[in-house]
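The following paragraphs lead the reader through a protein model, beginning with a pocket and moving outward to the elements around it. Please keep the sequence and the coordinates at hand.

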Amino acid sequence: MTNGDTSNVLAARIAPGGGTVQEDNAAELARAPLAVRGLTVSYGEKPAVFSVDATFADKAMTAIVGPNGAGKSTLLKACLGIVPRVAGEVRVFGQPLEAARHRIAYVPQRASVDWDFPTTVLDVVRMGLYREAGLFGRFTGRLDTRARKCLERVGMADFATRQIGQLSGGQQQRVFLARALAQEADLYLLDEPFAGVDAATERAIVDVLKLLKAEGKAVVAVHHDLATVADYFDRVFLINVRRIAEGTVAEAFNAETLAAAYGGRLAATHVDELVLAGPLT
């Protein structure tokens, strides 16, 4: 048997569902809101993300979890094309990123935003509507109403005329979530949405994200608080430069995978407490 014959046999091996692995993989890529294969990102000679495969599910909230420096935010930014990929493929609902970018809404880390920029809360939300409003931002009554309703959804309607830099950290995060909601996207990507916010804002954001999931949207968030993973999310993707595990929280968020991701950074007793705690009531 030649090398070519061997490759063909491997490509056509039978998958558990009855089709070939190749066919099942193609189908998964076609239907997933976000899928990456072989994704590598490097800063200089050191890879920040190395040969990562990930498939993020529809109608679910997925947490990207890992220690500091694990490549969580880099993975998200590479999926958006904000940082260049050295290698790998990104698919959004089965399409290349460039063809499906309009189906994605992104909430960046709050620390990465220039909060001194002289703009109002309502104008920030309107930024999510530029694709529909056009280059010169001609906001129709319909678009303006949508922006205001999104502010209502996050509890910020009374702050519409406030300068964005005058808000608290939690209020600023709510406004950026409202901007994402205004896009009426199918896939929501959030980078540390709960970092530096108060408990009330955190709960408000979670409630909005769960409503998005109920509407059939996909939510993927970089998350750092291991104690709330089981409470907030359905699925988890663990990373430490390489992919560690992915799946439902019950399947993939356990002592073994946490130890693999964090190594000695988490005490064994703390890992057991996180896993055994389960969802909060």
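In this predicted model, the lining of the largest pocket consists of Leu-80, Ile-82, Arg-101, Ile-104, Ala-105, Tyr-106, Met-127, Gly-128, Tyr-130, Arg-131, Arg-179 and Gln-183. Two elements, strand S6 (104–107) and helix H6 (130–133), each give two or more residues to that lining. The most comes from S6, which gives three residues. Sorted by class, the lining residues comprise seven nonpolar, two polar and three charged ones. The space in this pocket amounts to about 260 Å³. In general terms, such empty space is revealed by rolling a probe the size of a water molecule over the atoms.

The chain as a whole sets the frame for this pocket. The protein chain contains 13 helices and 10 strands. Of its 281 residues, 47% are buried. Among the contacts in the chain with a separation of 6 or more, 66% are between residues 24 or more positions apart. The exposed surface of the chain comes to about 13700 Å², and carbon and sulfur atoms supply 52% of that area.

From the pocket, strand S6 leads to its neighbour S7. Strands S6 and S7 pair in the parallel sense, over four bridges. Tyr-106, one of the residues that line the largest pocket, stands opposite Leu-189 in S7. How many of the residues of strand S7 (residues 187–191) are buried? Five of its five residues are, and the strand is accordingly described as mostly covered. The side on which a residue of S7 points makes no exception to this: Leu-187, Leu-189 and Asp-191 point one way, Tyr-188 and Leu-190 point the other way, and all are buried. S7 also runs parallel to strand S8 (residues 218–222), and five bridges join the two. Within that pairing, Leu-187 stands opposite Ala-218 in S8.

Another part of the pocket lining directs attention to helix H3. Leu-80 belongs to the lining and is also among the buried residues of H3. Helix H3 (residues 72–80) is mostly covered, with eight of its nine residues buried. Besides Leu-80, the buried residues are Lys-72, Ser-73, Thr-74, Leu-75, Leu-76, Ala-78 and Cys-79. After H3 comes Gly-81, which has a positive phi, near 80°.

A second sheet deserves separate treatment. Strands of a sheet pair through backbone hydrogen bonds, in either the parallel or the antiparallel sense. Here four strands form an open sheet with antiparallel pairing, in the order S2-S1-S4-S5. Strand S2 (46–56) and strand S5 (95–96) stand at the edges; each has a single partner strand, so one side of each has no neighbour in the sheet. For S5, the antiparallel pairing with strand S4 (residues 87–92) extends over two bridges. Arg-91 has Pro-96 in S5 as its bridge partner.

The last stop is a loop residue. Asp-116 is located in the loop between S6 and helix H5 (121–126). Is Asp-116 buried or exposed? Its relative accessibility is 69%, and Asp-116 therefore counts as exposed, the cut-off being over 50%. Along the chain, Asp-116 and Gly-165 are 49 residues apart, yet 5.4 Å separates their C-alpha atoms.

Terms used. Residues are numbered from 1 along each chain as its sequence is written. This is a predicted model: local features need pLDDT of at least 70, side-chain atom pairs count only at pLDDT 80 or more; totals for chains, interfaces and linings use all residues. Side-chain values use heavy atoms; hydrogens and water are left out. On a 1 Å grid over the protein atoms alone, a cavity is a set of points where a 1.4 Å probe fits but cannot get out, and a pocket is an open set with protein on both sides within 12 Å along at least five of seven lines; lining residues have an atom within 4 Å of a point. Grid points are joined across faces, edges and corners, and a volume is the space filled by probe spheres set on the points. Ala, Val, Leu, Ile, Met, Phe, Trp, Tyr, Cys and Pro count as nonpolar, Asp, Glu, Lys and Arg as charged, and the others, Gly among them, as polar. Buried means under 20% relative accessible area, exposed over 50%, partly exposed in between (1.4 Å probe, protein chains only). Contact means heavy atoms within 4.5 Å. Accessible areas come from the Shrake-Rupley method with a 1.4 Å probe; for residues, only the protein chains shown count as cover. Two strands pair if DSSP finds at least two bridges between them.
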